[in-house]
Amino acid sequence: MENDIPKIDLPQDWVIGKLTEKDLGLLNLYANYPCRLKAGIFALVLSGRVDASINLTRSEVEPCSFITLLPGSIFQIHRIEGDLSVYFMGFSSDFINQAHVGKAFMEMHYMVKDSPVFALHERAASLLIDYFELLIKIYATDASGLGLGRTFINHLFAGIFLGVSAMYKAQTEEKAPLTKAEQISQNFAQLVTQNYMRERNVAWYAKRLGITQAHLSTIVRQTTGRTCVEIITSMVIMDAKAQLKSTDLSIHDIAYSLNFTNMSFFGKYFKRYVGMGPLEYRKS
């Protein structure tokens with residue numbers, strides 16, 4: 001492709017295009033190991049199927065599915081089947097940080113975190129295809145030297161952001177209300193997503209939620225089939241793997257970013273759950 005999507009961030013404010021079978025080499029950048037994104041990416045799958053993981057959620061993405069990857073998402077493609085065709089649109093972390101959408105972004109993060117992938121009705125998918133095609137033409141026009149500028153991109157991003165938020169909100173309203181236990185489990189998962197880099201103590205999360213550690217552990221196991229420690233560890237290990245494979249950071253710096261007291265402790269922790277040390281994993 002002429003405008004490839006970088007593995008971590010975008011070198012420009014925004015990019016848009018369409019991926020097909022011939023672009024599988026690009027998508028393979030996200031295979032084999034998890035990748036932590038700084039950019040925000042929206043995608044519409046037209047055909048083919050993608051088996052992917054987004055944070056702690058593994059999804060079978062089918063045709064007419066819309067995907068939202070917010071900055072900070074840890075993404076991995078496990079398998080691609082069929083004749084793949086995907087529209088994509090991405091905004092760089094630098095642009096998003098300057099777009100002043102803080103509160104709206106947090107609200108969208110809450111809606112998207114549990115359902116980063118959702119199926120569209122045929123009519124909605126058709127309208128989105130038209131919209132992507134229009135934006136691809138605008139992008140090509142801008143690339144040819146007209147220079148639409150950041151003000152235009154700001155308005156474009158605001159419109160897309162509001163539209164995507166509305167789609168997720170409508171989808172959420174169609175679902176049955178969560179039980180109290182499900183809500184607590186969801187709040188725990190959100191806290192883990194926001195704090196796993198500096199906090200791995202279950203008691204800390206229970207205190208933030210205003211319940212006992214024993215009660216939190218029981219609820220999370222009943223609603224997810226996993227323990228609190230397993231969920232926290234999964235996020236830590238995913239992030240560590242992403243940094244080891246997708247960055248040139250030293251193991252010391254990666255350990256520090258994940259709040260380990262020293263590189264030795266990080267190495268033992270990583271090996272316990274992965275079966276090999278950080279350096280061996282990086283070279284594998």
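**Exercise 1. Over which ring does the charged end of Arg200 sit?**

Before we start, a word on the model: it is predicted, local features need pLDDT of at least 70, side-chain atom pairs count only at pLDDT 80 or more, and totals for chains, interfaces and linings use all residues. Residues are numbered from 1 along each chain as its sequence is written, and side-chain values use heavy atoms, with hydrogens and water left out.

*Solution.*
- Start with the criterion: a charge sits over a ring if NZ of Lys or CZ of Arg is within 6 Å of the ring centre and within 35 degrees of the ring normal.
- Now go to Arg200: its charged end sits over the ring of Tyr269, 5.6 Å from the centre.
- Then look at Lys245, which lies over the face of Tyr281 at 5.1 Å from the ring centre.

**Exercise 2. Find the aromatic cluster that Tyr269 and Tyr281 belong to.**

*Solution.*
- Recall how rings pair: the centres of Phe, Tyr or Trp rings (for Trp, the six-membered ring) lie within 6.5 Å; planes under 30 degrees apart count as stacked, over 60 as edge-to-face and the rest as tilted.
- The structure holds 14 aromatic pairs.
- Tyr269 and Tyr281 form one cluster together with Phe260, Phe265, Phe266, Phe270 and Tyr273.

**Exercise 3. Describe the pair formed by Phe66 and Phe118.**

*Solution.*
- Geometry: the two rings are 6.2 Å apart, centre to centre, with 45 degrees between the planes, which makes the pair tilted.
- Location: Phe66 lies in strand β5 and Phe118 in strand β7 (residues 117-119), so the pair ties together parts that are 52 residues apart in sequence. Strands (E, at least two residues) and helices (H or I, at least four) are DSSP runs, numbered from the N terminus.
- Exposure: Phe66 and Phe118 are both buried. Buried means under 20% relative accessible area, exposed over 50%, and partly exposed in between, with a 1.4 Å probe and protein chains only.

**Exercise 4. Check the backbone and surroundings of Cys64 and Asn259.**

*Solution.*
- Cys64 is not a glycine, yet has a positive phi of about 65 degrees. This residue is found in the loop between β4 (57-61) and β5 (65-69), and is partly exposed at 28% relative accessible area.
- Asn259, also not a glycine, has a positive phi of about 65 degrees. Its place is the loop between α10 (251-257) and α11 (263-274), where Asn259 is partly exposed at 41% relative accessibility.

**Exercise 5. Summarise the whole chain.**

*Solution.*
- Count the elements: twelve helices and seven strands.
- Add burial: 45% of the 284 residues count as buried.
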